[in-house]
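Visitor: I have a structure to look through and would like to go over it with you piece by piece. Could you start with how its overall dimensions are judged?

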Amino acid sequence: MIIVTRLDHTRFAVNPDLVERIHASPDTTLHMIDGHVYVVQETLDAVVDLIVAYRARVLGAAQALTPTQGE
């Protein structure tokens with residue numbers, strides 16, 4: 001999950017696997033695959049960075065669970 005901030009300053013978590021697209025014009029809007037739309041304070045670039053960091057954490061955790069060759 002990534003944590004983003006609504007315009008009223010409340011924070012919430014979003015599953016980045018469910019983000020269909022992100023628009024910035026001028027507010028950043030997350031369009032989800034289920035049709036929900038969220039307007040957030042973070043910039044488009046910041047949301048993309050959050051998603052990249054999330055995916056890196058997932059891959060790192062998966063790699064840590066995978067036994068190395070020869071074990």
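Guide: The radius of gyration is taken over C-alpha atoms, and the rule for a globule is 2.2 Å times the number of residues to the power 0.38. A compact globule of 71 residues would have a radius of gyration near 11 Å, whereas the chain has 15 Å. Before going further, note that this is a predicted model, in which local features need pLDDT of at least 70 and side-chain atom pairs count only at pLDDT 80 or more, while totals for chains, interfaces and linings use all residues. Residues are numbered from 1 along each chain as its sequence is written, and side-chain values use heavy atoms, with hydrogens and water left out.

Visitor: What does the C-alpha trace span along its principal axes?

Guide: The C-alpha trace of the chain spans about 55 × 25 × 20 Å along those axes. One pair that gives a feel for distances is Leu59 and Ser25, whose C-alpha atoms are separated by 32 Å and which are 34 residues apart along the chain.

Visitor: And which elements are in there, in what order from the N terminus?

Guide: The elements run β-β-β-β-β-α from the N terminus on, and the secondary structure comes to 1 helix and 5 strands. Helices (H or I, at least four residues) and strands (E, at least two) are DSSP runs, numbered from the N terminus.

Visitor: How do β1 and β2 pair?

Guide: Strand β1 (residues 2-5) and β2 pair in the antiparallel sense over 4 bridges, where pairing requires that DSSP finds at least two bridges between two strands. Within this pairing, Phe12 in β2 is the bridge partner of Val4. The hairpin of β1 and β2 has 5 residues between the strands, and His9 takes a positive phi near 75° there.

Visitor: Is His9 buried or exposed?

Guide: His9 is exposed, because its relative accessible area is 60%; the classes are buried under 20% relative accessible area, exposed over 50% and partly exposed in between, with a 1.4 Å probe and protein chains only. His9 has that positive phi although it is not a glycine.

Visitor: Any other backbone oddities? Which peptide bond is cis?

Guide: The peptide bond from Ser25 to Pro26 is cis, with omega near -15°, and Pro26 is found in the loop between β3 and β4.

Visitor: Let's go inside. Which residues make up the largest nonpolar core?

Guide: A nonpolar core here is a set of buried Ala, Val, Leu, Ile, Met, Phe, Trp, Tyr and Cys residues joined through side-chain atoms within 4.5 Å. The largest one has 11 residues, namely Ile2, Val4, Phe12, Val14, Val19, Leu30, Met32, Val40, Val47, Ile51 and Tyr54. Each of β1, β2, β4 (28-32) and α1 supplies at least two residues of this core, and the largest share, 3 residues, comes from α1.

Visitor: What does Phe12 touch?

Guide: Not counting residues up to four places away in sequence, Phe12 touches Ile2, Ile3, Val4, Arg6, Tyr38 and Val40, where contact means heavy atoms within 4.5 Å.

Visitor: Arg6 is in that list, so where does Arg6 lie?

Guide: Arg6 lies in the loop between β1 and β2, and it is partly exposed, with a relative accessible area of 31%. Leaving aside neighbours within four places in sequence, the contacts of Arg6 are Phe12, Tyr38, Val39, Val40 and Gln41. For Arg6 and Gln41, the C-alpha to C-alpha distance is 5.9 Å, although they are 35 residues apart in sequence.

Visitor: Switching to charges, how many salt bridges does a search of the whole structure find?

Guide: The search finds 2 salt bridges, a salt bridge being a side-chain nitrogen of Lys or Arg within 4 Å of a carboxyl oxygen of Asp or Glu. In one of them Arg55 pairs with Asp17, the closest N and O atoms being 2.7 Å apart. This pair links distant parts of the chain, 38 residues apart, with Arg55 in helix α1 (residues 44-65) and Asp17 in the loop between β2 (11-14) and β3 (19-24). Another salt bridge joins the side chains of Glu20 and Arg21 (3.7 Å, N to O).

Visitor: How exposed are those four?

Guide: Arg55 counts as partly exposed at 37% relative accessibility, and Asp17 is partly exposed with 44%. Glu20 counts as exposed at 51%, whereas Arg21 is partly exposed at 38%.
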